[in-house]
Amino acid sequence: MMIIAAALAPPSIAMQGDTIADIVLGQPDFTDNPENFTSAAGLHSPTAVAVDTSVVPNRLYISDSANNRVLGYNDVATLMTGGLADLVIGQPAFSSNGCNTGGLSAGSLCVPDGVAVDASGNLYVTDTNNNRVLEFDTPFAGCGSFPCVGGSANEVFGQGGSFYSATCNNGGLSKNSLCKPFGVALDTSGNLYVSDSSNNRVLEYNTPLSNTSADQVFGQGGSFSSDLCESLSAHSLCTPYGITLDAGGNLYVADEGNNRVLEYNRPFNTNPAAATVFGQSGSFTSNACIPGEPTSSSLCKPYGVAVDSGDNVYIADYGNNRVLWYQTPLSSGTVADRVIGQEGRYTTADFGGPKASDLYEPAGLALDGH
């Protein structure tokens, strides 16, 4: 019965062919793109987005990277109305945007990139320029009214438990260190995955609310003491960015430096090898990006990746100014079935906008229940 229900589920709007945006956040309209409004309405270089499905209505988080903050929306329906953010994390006010405003602390941020939410509504943020990942217990719980300024983080990864250190590989390269972490994701068991981009690896933390030491490493031959951008193979990574997992717990990594996305089948061994590669025509020993000449099989500097409940894959192809959609690629192949951001054309990487049908350097991706 579950298989039948999944088969009969209505396809997503994007799958039905709607590739024109309906609402814009961060700008007054689709045709303007001034650099910044430091307010509850503004965004400056947003990098990632996460939907919190632990509550109904769902909530929304956006990493407003160049404003050194994360914005929270108490109802994901804001995406249908273009409303204002309800919560700010990392700044003492919506009008503030400094790196580590007030000094480095459990409440400060400096270029946050990745955001993810666990099944209990706890928020994880890659605080990239502080070389750490922060965990905030249910951020909206502390809001008596809106707009609201969020509280401090409850857990820190990558700095030996200290909220007052921001060193790259503090204490030396190890299972406890981080250097420029970018992407963050959680599986259905609550295990945490972080793309440790400058260390050219992805780390897995089991039971992260009680464990800030990584249990698994992807991309360094199983070693926590190596950080090489290795020779091309199914085992190597070079500047990994966005990461996500599908319902089966398989891991997807945007291997940005190699112009590809890798998929690792669960269960993972001590030196995981990718099972599927996107963007290089099935080759694990190629990393080509040909500027200005994209196809339905190519990628150039992929940043973000997302998977829906039907195991369809979405990739933010940053260097080609587009998002690609792949229908059940693990069984159907890694040639894209639809393109968003180039007026339906695979063979252009132009930014013609801004308008509702254009994208310029798309980075973060997330999907709601529809």
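Which residues of the largest nonpolar core touch the most other members? In this predicted model, that core holds 20 residues, and the ones with the most partners inside it are Y61, V70, I89 and L123. Several strands help to build the core: strand 1 (46–52), strand 4 (87–89), strand 5 (112–117), strand 6 and strand 7 (132–136) each contribute at least two residues.

L123 makes a good place to begin a closer look. Leaving out residues up to four places away in sequence, L123 touches Y61, V70 and I89. The list of its partners goes on with V115, A116 and V117, and then with L134, E135, F136 and P139.

The next stop is T126, a residue of strand 6, which spans residues 123–127. T126 has a relative accessible area of 0%, so it counts as buried, the cut-off being under 20%. Beyond its neighbours within four places in sequence, T126 is in contact with V111, P112, D113 and G114, with R132 and V133, and also with P181, F182, G183, V184 and V194.

F284 offers a look at a loop, the one between strand 17 (276–278) and strand 18 (302–307). Is F284 buried or partly exposed? With a relative accessible area of 21%, F284 is partly exposed, because buried residues must fall under 20%. Contacts of F284, not counting residues up to four places away in sequence, include L232, S233 and A234, R260 and L262, and the run A274, A275, T276 and V277. For one of these partners, L262, the separation along the chain is 22 residues, while the C-alpha atoms of F284 and L262 are 9.1 Å apart.

Note on methods. Residues are numbered from 1 along each chain as its sequence is written. This is a predicted model: local features need pLDDT of at least 70, side-chain atom pairs count only at pLDDT 80 or more; totals for chains, interfaces and linings use all residues. Side-chain values use heavy atoms; hydrogens and water are left out. Helices (H or I, at least four residues) and strands (E, at least two) are DSSP runs, numbered from the N terminus. Buried means under 20% relative accessible area, exposed over 50%, partly exposed in between (1.4 Å probe, protein chains only). Contact means heavy atoms within 4.5 Å. A nonpolar core is a set of buried Ala, Val, Leu, Ile, Met, Phe, Trp, Tyr and Cys residues joined through side-chain atoms within 4.5 Å.
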